[in-house]
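Please open the model in your viewer and keep the selection tool at hand; the stops below are meant to be taken in order.

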Amino acid sequence: MHGPPAVPDDFWDHPAVTAACADRDMGALISAYRHHPQHLSRVSQDRMAGWLGISQAQLSRYESGENQIDRLDRLRHFALVLGVPGERLWFDRVVIPAQVGSPDTGPPDVLAAPWEATSIARSVEETARSDLAISRRAALTGAAAVTVGSALVEPLQRWLHPLQNLSKWSSHSAISEEELLALQRVADGLRGWGGRGGYGLARKAVLGQLDELAERLGRAPSGPTTERAFFIGAELSKVAASMSFDAGLHNAAQRYYVLAIRMAKAGHNDGFAALCLAAMARQMFDLGRPEDGLELVQLGQYGTRRTGTPTLKALLLTREAWAYAQMGKTREFHQAVGLAQDSFAQRNADNEPRYLHSFDEAELEGVIGARCRDLAMHDPAQAVFAEQHIRRALELRDPSKVRNRAFDVIGLARTKMVAGDPEAACGLINEVLPTAAKLSSGRVLRKLEDFAKEAATHRHIRAVQETRDAIRAIRTA
């Protein structure tokens, strides 16, 4: 009457219990527990609700799936009351003091590590060393093994909560202002490589610097310079993630995005953490998982709802629109785009952080145009809007932004293809092919491959077949 009875070990092997755990559904697990055949007497909803300290109506909504149980404190409480074995839990996974990954064991699990400064520094150090030890071939073998769904989103919800008290990080010497300036100079030099793609020496240089910085942070006491050093580490982690993403190493990119969020949290910079969540969402969109991407964007929006600058809010809204475009939700898409434009109009560039300076009017127009093109795959009437925005982006785009301009032209060509003008589309692609051949960018090549696939229905047209052959030649060069 006063609490759940003791149950044998094989109680948790019942198929309904196993299925609920596999689905990461606490409501289904509670229902499976109540209806378990091993109970000597029926466990009513009223009794279960009393055990859990909630109302019968709440329990009914949880079991039916009408309300999801996603708060970590509530998940922990329910599991504790019911005595769910630790190995059955899909949250709060226990982290064994980390072992450095190797080609055989793989890199550490960055999603499971505790959210406190010393653990964050250790995770970064171990991950960087692991990836430096793993060959490119071994990395490519696991490139597609990314975490998705609730297994990705739920651990990241912990960035919304304060880190535990950091006053006793270490008794070693603090990071000096001179050290910090030197770290910033190195980070500024390496950051420029993030937008150029590639995998080789530049990426190793970023990982090597990240490893050294993380080792120093693991020995530093709390203080303002340590927090600023964590933020520098977050910037380096995001550069490593961008390089990995460009090279098609999605697993590595996801790890470094997560590490960037964790380091930004330790550096007390929620805005940058939200920017990294937006980048992770873009990765999910690239992998065809708009629902996951939307959840990541909404997590960033919620965490910065009071502190986000107009530019950050505009950027996050364009990512929200991106999800709706892939889902074919025209009304929601245009609503999000309108809000993004309104927010961007309120920006004061002088008051925006440096890491948001690249999101200028050209980038806003380019992103909206490309997303209109995505939506045109569901609603061809949107193609005209896509062309308007992309052409505006090309007018505004700095000529030095070679890769961004390549994305714009490819996006415009894909818009022409959707609009039923394959010859004009191929003309645009032929203009950008010489630039694409010089860029060591995996993402540019993948966008060209996307164009080639979309053009396949018109391969009987000579210009289309010649353009597809030219893309194939660049890809195999």
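A residue is called buried when its relative accessible area is under 20%, and exposed when that value is over 50%. The model on screen is a predicted one, and the tour begins inside a helix.

Select Glu 125, which you will find in helix α6, spanning residues 117–133. Is Glu 125 buried or exposed? Its relative accessibility is 16%, and therefore Glu 125 counts as buried. Now show the side chain of Arg 129 as well, since the side chains of Glu 125 and Arg 129 are joined by a polar contact of 2.8 Å. If you then set aside the neighbours within four places in sequence, the residues in contact with Glu 125 are Asp 211, Ala 214 and Glu 215.

Move next to the largest nonpolar core, which comprises 83 residues and in which Leu 156, Ile 261 and Leu 296 have the most contacts. Colouring α13 here is worthwhile, as this helix gives the most to the core, with 12 residues. Centre on Ile 261 and display what surrounds this residue: leaving out residues up to four places away in sequence, Ile 261 touches Trp 115, Leu 156, Trp 159, Ala 273, Cys 276, Leu 277 and Met 280.

For the last stop, select His 268, which lies in the loop between α12 (250–266) and α13 (270–286). Inspect the backbone here, where His 268 has a positive phi of about 55 degrees although this residue is not a glycine. With a relative accessibility of 55%, His 268 counts as exposed, whereas Glu 125, at the start of the tour, counts as buried.

Key: Residues are numbered from 1 along each chain as its sequence is written. This is a predicted model: local features need pLDDT of at least 70, side-chain atom pairs count only at pLDDT 80 or more; totals for chains, interfaces and linings use all residues. Side-chain values use heavy atoms; hydrogens and water are left out. Helices (H or I, at least four residues) and strands (E, at least two) are DSSP runs, numbered from the N terminus. Buried means under 20% relative accessible area, exposed over 50%, partly exposed in between (1.4 Å probe, protein chains only). A polar contact is a pair of N or O atoms within 3.5 Å; within protein, one must be able to donate a hydrogen and the other to accept it, and residues adjacent in sequence count only if both atoms are side-chain atoms. Contact means heavy atoms within 4.5 Å. A nonpolar core is a set of buried Ala, Val, Leu, Ile, Met, Phe, Trp, Tyr and Cys residues joined through side-chain atoms within 4.5 Å.
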